Amino acid sequence: MMAQLLETYACVPSTERGRGILISGDPRSNSILYCNGRSVIIRYLDRPLDVSVYGEHAYQATVARYSPNGEWIASADVSGTVRIWGTRNEFVLKKEFRVLSGRIDDLQWSPDGLRIVACGDGKGKSFVRAFMWDSGSNVGEFDGHSRRVLSCAFKPTRPFRIVTCGEDFLVNFYEGPPFKFKLSHRDHANFVNCVRFSPDGSKFISVSSDKKGVLYDGKTAEKIGELSSEDGHKGSIYAVSWSPDGKQVLTVSADKTAKIWEISGDGNGMLKKILTCPGTGGVEDMLVGCLWQNDYIVIVSLGGTISLFTASDLDEAPLSLSGHMKNINSLVVLKSNPKTIMSSSYDGLIIKWIQGVGYSGKLERKVNAQIKCLAAVEEDIITTGFDNKIWRNSLHGDQCGDAESFDIGSQPKDLSLATLSPELALVAIDSGVILIRGTKVVSTHNLEFSVTACAIAPDGKEAIVGGQDGKLHIYSINGDSLTEDAILEKHRGAITVIRYSPDVSMFASGDANREAVVWDCISREVKLKNMLYHTARINCLAWSPDSNMVATGSLDTSVIIYDIGKPPSSRITIKGAHLGGVYALAFTDEFSVVSSGEDAFIRLWRLSPQQ
């Protein structure tokens, strides 16, 4: 058997309150680049399910750009490192340079593709550096900034010029190469967030948190005009992008609107159109990033949602692409509709995905509490949070019905539902377990050991509780009382996960010492042992619907699938399934596994017999 990647549901760009993000793209392949965590994500605007990921940065990535010929990508991270890598054959690394001593916020290639300018934060006065792309040697001195430089731009035509802007309210202009300081403008009264040259190099524009946009001549850097203030933004302007013909600019702002401005010959901007992105009106609808590429207008909100407008038909409703921004810690496949996958991340987001379609909407909950565990049966969703509360929501299509919550007094560690009588749930807390029926706590059981995981049988008659000591305690449930039946010892580390097989003939457990064990439910003997192929803690496991296979996911970034009828050595291993570790697994059918992890991605794998 082997596993092949069928679909990838991408994460959204990492965003930060009060700052813009700079996304970029390649007009030829119609792809865009953005960063989330240590990953640089390449997405194709005309094929949203086609995603590539570059995960070789050692620190959080901040910005990435295609070279003018589209063959190379330069990406930068918070440590001040720039990596230059090829867009083909497995992203081969060309060079790596340590450019600044702090985070890099923006970088640009020169139009001939030989030089790169990067700017950001640094110690002393070094906030900007330009260097040769192949040797890393400096091309000029960049004086004149006293604080973090947020954006830089390279004039796309000769004679070359570089313009930078930053937190010292300045827009600085440099001539070269070798580049040297020419002049500085102080037209803004707050942080200058983004600066961009028009495609023909005749003008450049700077936008700022003082809600103004200012236009300058591209050759002399004289101020020539402004965006009209009558129809101006009512919040900080975070990013700006020129239309391909250089006659219009697109701006996005904290006032939750995007505006398209017609730029006249004398350099003033008149409002042409206001674009509104769909949203609930909360903080997460502030717009922080934009890109105008070919006929696409790409707008990114603080919540990470990417809205795609068609430039030639602005009245058409935008296509929304969304996903998770943070670690996805739970996945649920609905039995009634196995094509539907629900995922939750700890920041309180629940998203619905449909195989073959991808993103299909967020579940709107009335209270967006953080989520630690998520479980679902038929039309019921149960979540536990870090706030000691348990929520039970009914599901109606894409909406959650009325939610009922109750406090259990200490933090839930694990949650298990009796699938045949879904009213019944078992919640593990540090000191024991709690039995729940509906929204009422039936009984609390203090156990003699520190509890780390639990599972309840589908019929609600038996419970298995795993401890910090690596022992599995089996209890029979009678009404609301628990009676200990057996203690199973095999694990050499704290139990992290326990799951019953769908036919309830077996159960599997995984521990922090990288081992998984499959047990027989009746005889309580070990059925499959020596499942010791991970190199770190096992975070999650899942059974196939026919109970023939069990999959484990680990902190070591890999997923391993075992066939119950064969020795563990004939396993299938998916190496590097998720950067940073695999945190949730589920089977959608006998031969399809869906996995998610630290990188906020969801991947669907198909298991096929080897030819």
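Leaving aside its neighbours within four places in sequence, which residues is Asn30 in contact with? The views below come from a predicted model, and the first one takes up that question.

**View 1. Asn30 and the residues around it.** Here we're looking at the loop between β2 (24–26) and β3 (31–36), where Asn30 lies. Once the neighbours within four places in sequence are set aside, the contacts of Asn30 are Arg43, Tyr44, Leu45 and Asp46, plus Gln293, Asn294 and Tyr296. One to pick out is Gln293: its side chain and that of Asn30 are joined by a polar contact of 3.3 Å. And is Asn30 buried or exposed? Its relative accessibility is 10%, so Asn30 counts as buried.

**View 2. Phe173 stacked with Phe204.** A search through the whole structure turns up 19 aromatic pairs. Take Phe173 and Phe204: the ring centres are 6.0 Å apart and the planes sit at 10 degrees, so this pair is stacked. Phe173 belongs to strand β15 (residues 171–175) and Phe204 to strand β18 (residues 203–208), so the pair ties together parts that are 31 residues apart in sequence. Both Phe173 and Phe204 are buried.

**View 3. Trp353 edge-to-face with Tyr359.** Now for another ring pair. The centres of the Trp353 and Tyr359 rings are 6.0 Å apart, with planes at 75 degrees, so the pair counts as edge-to-face. Trp353 is buried, its relative accessible area being 2%. Tyr359, on the other hand, is partly exposed, with a relative accessible area of 22%.

**View 4. An aromatic cluster with six members listed by name: Phe142, Phe154, Phe160, Tyr174, Phe179 and Phe181.** These residues form one aromatic cluster. While we're on rings, which residue lies over the face of Tyr533? That's Arg571, at 3.6 Å from the ring centre. Over the face of Trp72 lies Lys94, at 5.8 Å from the ring centre.

**View 5. The cavity and its lining.** How many cavities of 30 Å³ or more does the structure hold? Just one. The largest cavity contains about 40 Å³ of space. Its lining is made up of Ile382, Ile390, Arg392, Phe406, Leu415, Ala425, Val427, Ile436 and Gly438. Two elements, β35 (389–396) and β38 (424–429), give two or more residues to that lining.

**View 6. A cis peptide bond at Pro159.** Most residues other than glycine have a negative phi, and most peptide bonds are trans. The bond in this view goes the other way: from Arg158 to Pro159 the peptide is cis, with omega near -5 degrees. Look for Pro159 in the loop between β13 (149–154) and β14 (161–166).

**View 7. Positive phi at Phe169 and Val504.** Phe169 isn't a glycine, yet its phi is positive, near 70 degrees. You'll find Phe169 in the loop between β14 and β15, and with a relative accessible area of 24% it is partly exposed. Val504, also not a glycine, has a positive phi of about 55 degrees. Where is Val504? Its place is in the loop between β45 (495–500) and β46 (506–511). With 31% relative accessibility, Val504 counts as partly exposed.

Note on methods
Residues are numbered from 1 along each chain as its sequence is written. This is a predicted model: local features need pLDDT of at least 70, side-chain atom pairs count only at pLDDT 80 or more; totals for chains, interfaces and linings use all residues. Side-chain values use heavy atoms; hydrogens and water are left out. Helices (H or I, at least four residues) and strands (E, at least two) are DSSP runs, numbered from the N terminus. Buried means under 20% relative accessible area, exposed over 50%, partly exposed in between (1.4 Å probe, protein chains only). A polar contact is a pair of N or O atoms within 3.5 Å; within protein, one must be able to donate a hydrogen and the other to accept it, and residues adjacent in sequence count only if both atoms are side-chain atoms. Contact means heavy atoms within 4.5 Å. Rings of Phe, Tyr and Trp (its six-membered ring) pair if their centres lie within 6.5 Å; planes under 30 degrees apart count as stacked, over 60 as edge-to-face and the rest as tilted. A charge sits over a ring if NZ of Lys or CZ of Arg is within 6 Å of the ring centre and within 35 degrees of the ring normal. On a 1 Å grid over the protein atoms alone, a cavity is a set of points where a 1.4 Å probe fits but cannot get out, and a pocket is an open set with protein on both sides within 12 Å along at least five of seven lines; lining residues have an atom within 4 Å of a point. Grid points are joined across faces, edges and corners, and a volume is the space filled by probe spheres set on the points.
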